[in-house]
Amino acid sequence: MFDDDKTGIVIDTYPSIAVVVKVLRKYTRDSILDIKKHVENGEFALSCRSIDDAGIKIIKCSNELKKNKVTVKVYEGNNEESLQYLKNMVHSYRTTEIETEAEMELEAGDVDMQALEPFKHLWEENSGFVVLKDEYDYSIYNPITKQFCLIEDDDFNNQVAATMIMHGCKVVDGKEEIAKLIKESNN
């Protein structure tokens, strides 16, 4: 039925094809005719070969479709899965990617463990600090106190943040999630 190496969504029920097309056009370059064909034939309306940023796009699209009273089915290959399964897969992929980047950050530079010592309170339990990761940059933030930990040397800042990640500190990833956290902490 579907490619074994693809994950995607199939439109199950919908109030009108126009609603489906309107939402899907934000996430795919397919023509309106192709979208209609995919929906009517029970084919993938949106799919990807790897669970990375494309998986996030499928989740966002599914959520938006749901808000518009469209139900979708998620498939990994020919196996129907839940949307939560896809969310877990994307989260796992991204967590591994972030930890790998942090490890590479620590391996790439000359890390002075003694220089990191004064910052160990950042990764110790209940410090409240989180790592904000936006593309390639790291920031260290405490949403409880609404304070940033500012370290002028970018390389050293990245080493401290990477050490926090390797010690299991929470990572808030991406501009939207960072903005959401800061907005929530200001309320």
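**Notes on helix H6, its sheet and the salt bridges**

1. A good place to start is the end of a helix: H6 is followed by Gly168, a residue with a positive phi, near 90°. Please keep in mind throughout that this is a predicted model.

2. The helix itself comes next. H6 covers residues 154-166, 13 residues in total, and its first and last C-alpha atoms are 18 Å apart, close to the 18 Å expected at 1.5 Å a residue. At the N-terminal end, Asp153 acts as the cap, with a side-chain oxygen 2.9 Å from the backbone nitrogen of Asp155.

3. How enclosed is H6 by the rest of the structure? Largely so, because ten of its 13 residues are buried. The buried residues of H6 are Phe156, Asn157, Asn158, Gln159, Val160, Ala161, Ala162, Thr163, Met164 and Ile165. If you want to see what lies over them, the cover includes two helices, H4 (83-108) and H5 (113-116), along with strands E5 (130-134), E6 (137-142), E7 (147-149) and E8 (171-173).

4. Those strands deserve a point of their own. They form an open sheet of four strands in the order E7-E6-E5-E8, with mixed pairing. E7 and E8 are the edge strands, each pairing on one side only. On average, neighbouring strands of this sheet are turned by 35° against each other, direction ignored. For a detail to check by eye, look at E6 and E7, which pair in the antiparallel sense over three bridges; Asn142 has Gln147 in E7 as its bridge partner.

5. Which strands does H6 lie across? H6 lies across E5, E6, E7 and E8, and runs at about 65° to E6. Helix H7 also has a place here: H7 lies across E5, E6, E7 and E8, running at about 140° to E5.

6. Between E8 and helix H7 (175-185) there is a loop, and Gly174 sits in it. With a relative accessibility of 22%, Gly174 counts as partly exposed. Taking Leu33 as a reference point, Gly174 is 141 residues away in sequence and 33 Å away in space, C-alpha to C-alpha.

7. Now to the charged pairs: the structure holds seven salt bridges. One of them joins Arg49 and Asp5, with the closest N and O atoms 2.7 Å apart. This pair links distant parts of the chain, 44 residues apart: Arg49 is in the loop between strand E2 (46-48) and helix H3 (53-67), while Asp5 is in the segment before E1. Arg49 counts as exposed at 52% relative accessibility, and Asp5 as partly exposed at 44%.

8. Glu64 and Lys26 make another salt bridge, the closest N and O atoms being 2.5 Å apart. Because Glu64 lies in helix H3 and Lys26 in the loop between helix H1 (17-24) and helix H2 (32-40), the pair ties together parts that are 38 residues apart in sequence. Glu64 has a relative accessible area of 19% and is buried, just as the cut-off of under 20% requires. Lys26, on the other hand, is exposed, with a relative accessible area of 54%.

9. The sheet has a salt bridge too, between Lys133 and Glu101, where the closest N and O atoms are 2.9 Å apart. Lys133 lies in strand E5 and Glu101 in helix H4, so parts that are 32 residues apart in sequence are tied together by this pair. Which of these partners is buried and which partly exposed? Lys133 counts as buried, at 2% relative accessibility, whereas Glu101, at 29%, counts as partly exposed. Elsewhere, Arg94, Glu97 and Asp173 are joined into one network by salt bridges that share partners.

10. Last, a look at strand E1 (residues 7-13), where Thr7 is found. Is Thr7 buried or exposed? At 8% relative accessibility, Thr7 counts as buried. Leaving out residues up to four places away in sequence, Thr7 touches Phe44, Leu46, Ser47, Cys48, Ile51, Ile58, Tyr75, Glu76 and Leu86.

Key: Residues numbered from 1 in each chain as written. Predicted model: local features only at pLDDT ≥ 70, side-chain atom pairs only at ≥ 80, totals over all residues. Heavy atoms only, no water. Buried < 20%, exposed > 50% of the residue type's maximum accessible area, 1.4 Å probe, protein only. Contact = heavy atoms within 4.5 Å. Expected span 1.5 Å × (residues − 1). Polar contact = N/O pair within 3.5 Å; in protein donor to acceptor, adjacent residues only side chain to side chain. Salt bridge = Lys/Arg side-chain N within 4 Å of Asp/Glu carboxyl O. Pairing = 2+ DSSP bridges. Axes fitted to C-alpha atoms, helices over the stretch in contact; angles between N-to-C directions.
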